[in-house]
Amino acid sequence: MKTIIKIEAIVLAVILLVGAVLCLLSAGALMWLKEPVPVVHTAQPIPTDPAEPEAVKAEAVFTEETAANLPHTREITAQRYFVYDVRTGQYLQQKGELDEKLYPASITKLLSVYVMLQYMDPEETVTVGDALSLVQPDSSVAWLQAGDKLTVSQLVAAMMLPSGNDAAQTAAVATGRVIADNPNLAPAEASQVFVKEMNAQAQALGMTGTHFANADGFHDENHYTTMEDLRILAEKVLADPTIVSYTSRAEETVELLEGERTWKNTNFLVQPQMETYISSTIGLKTGYTSAAGNCLMSAFFLEDRLLIIGVFGTPAHTEDRFLDTVELFNTTVIS
């Protein structure tokens, strides 16, 4: 009889223990007894609406500020360079004399667009025409054709992104005719009027070591500037929203006579797919001639500073100017 009672007690105890465990599991306790639940990460799509380039640019930083991941061991190849902090007014890094003469190549176009916007409304329409006769052989071009109609803003894009000398000459002739108040002025004469105004504006800005001979930067012994003068010019164009809206853009699509054309920015710092991409880049302009070498003027807007970096005379490899700039950016900002 006593044995039966003991068996019943044990069975009852087991039943009570199992019941308690089930209660704890249902209440969320004893999680270590449960199977782990897999976590599924859903990738968020990167917007591709061309009407929202800034949104695309912001979302495209999936590479975690890619340039920051490049090693800080690169030896700078540029013959001359500088890093300038706009807010403190100080040069943070420098190689070469600031007032030493250099050839700016297509960096010239920063002054060209600045001068054009002093006389032309961004929404004004310009028809491409006889100015194309001024484009030198072997020039970089935006593939404009006579009869194409572009707004002044689109001309800025054509100069800033593909670095079109055809766009620069079109801008020079159109603006020169406005300055001279003569719509029938011959293209060469209109271009001369424009270049004269470029030099006057440069002097007014304090660019005392600068003299330009053309609007596109094609090499000429009398077409020169200095690092200090280009720093002054960069600060000025950074204050113009029309210019900056294109210098920071990876590409721009326009409708021309022969259909749509997409201009890609020659500046790899603003191209998200490139290893030298830096999301805080807001421009500015590439340049190349055999005399100038590969050049690049860049600007970066950070939370607490606005940096301007210029590299000049890198070797034949086009990417060196971007890698040099990345190294200067990293050693200034990250180190």
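**Figure 1. Strands E5 and E6 form a hairpin in this predicted model.** Two residues lie between the two strands of the hairpin. E5 covers residues 251-256 and E6 covers residues 259-264. Their pairing is antiparallel and runs over six bridges. Within this pairing, Glu255 of E5 stands opposite Glu260 of E6. In a regular strand, side chains alternate between the two faces of the sheet.

**Figure 2. The largest nonpolar core contains 62 residues.** The residues with the most contacts inside this core are Leu144, Met160, Trp263, Met297 and Phe312. Trp263 also falls within the residue range of strand E6, 259-264.

**Figure 3. Met297 is shown with the residues it touches.** Leaving aside residues up to four places away in sequence, the contacts of Met297 include Phe82, Ile107, Leu230 and Ala234. Met297 also touches Arg231 and Lys285. Further contacts of Met297 include Gly283, Leu284, Ile308, Ile309, Gly310 and Phe312.

**Figure 4. A second nonpolar core is separate from the largest one.** This second core has 16 residues. Among them are Ile278, Leu307, Phe322 and Leu328.

**Figure 5. The second largest pocket holds about 270 Å³ of space.** Its lining is made up of 19 residues, and those closest to the pocket centre are Ser106, Ser140, Gly287, Tyr288 and Thr289. Strand E7, residues 281-289, gives the most to this lining, with five residues. By type, the lining of the pocket has 12 polar, four charged and three nonpolar residues. Rolling a probe the size of a water molecule over the atoms shows where empty space is left.

Notes:
Residues are numbered from 1 along each chain as its sequence is written. This is a predicted model: local features need pLDDT of at least 70, side-chain atom pairs count only at pLDDT 80 or more; totals for chains, interfaces and linings use all residues. Side-chain values use heavy atoms; hydrogens and water are left out. On a 1 Å grid over the protein atoms alone, a cavity is a set of points where a 1.4 Å probe fits but cannot get out, and a pocket is an open set with protein on both sides within 12 Å along at least five of seven lines; lining residues have an atom within 4 Å of a point. Grid points are joined across faces, edges and corners, and a volume is the space filled by probe spheres set on the points. Helices (H or I, at least four residues) and strands (E, at least two) are DSSP runs, numbered from the N terminus. Ala, Val, Leu, Ile, Met, Phe, Trp, Tyr, Cys and Pro count as nonpolar, Asp, Glu, Lys and Arg as charged, and the others, Gly among them, as polar. A nonpolar core is a set of buried Ala, Val, Leu, Ile, Met, Phe, Trp, Tyr and Cys residues joined through side-chain atoms within 4.5 Å. Buried means under 20% relative accessible area, exposed over 50%, partly exposed in between (1.4 Å probe, protein chains only). Contact means heavy atoms within 4.5 Å. Two strands pair if DSSP finds at least two bridges between them.
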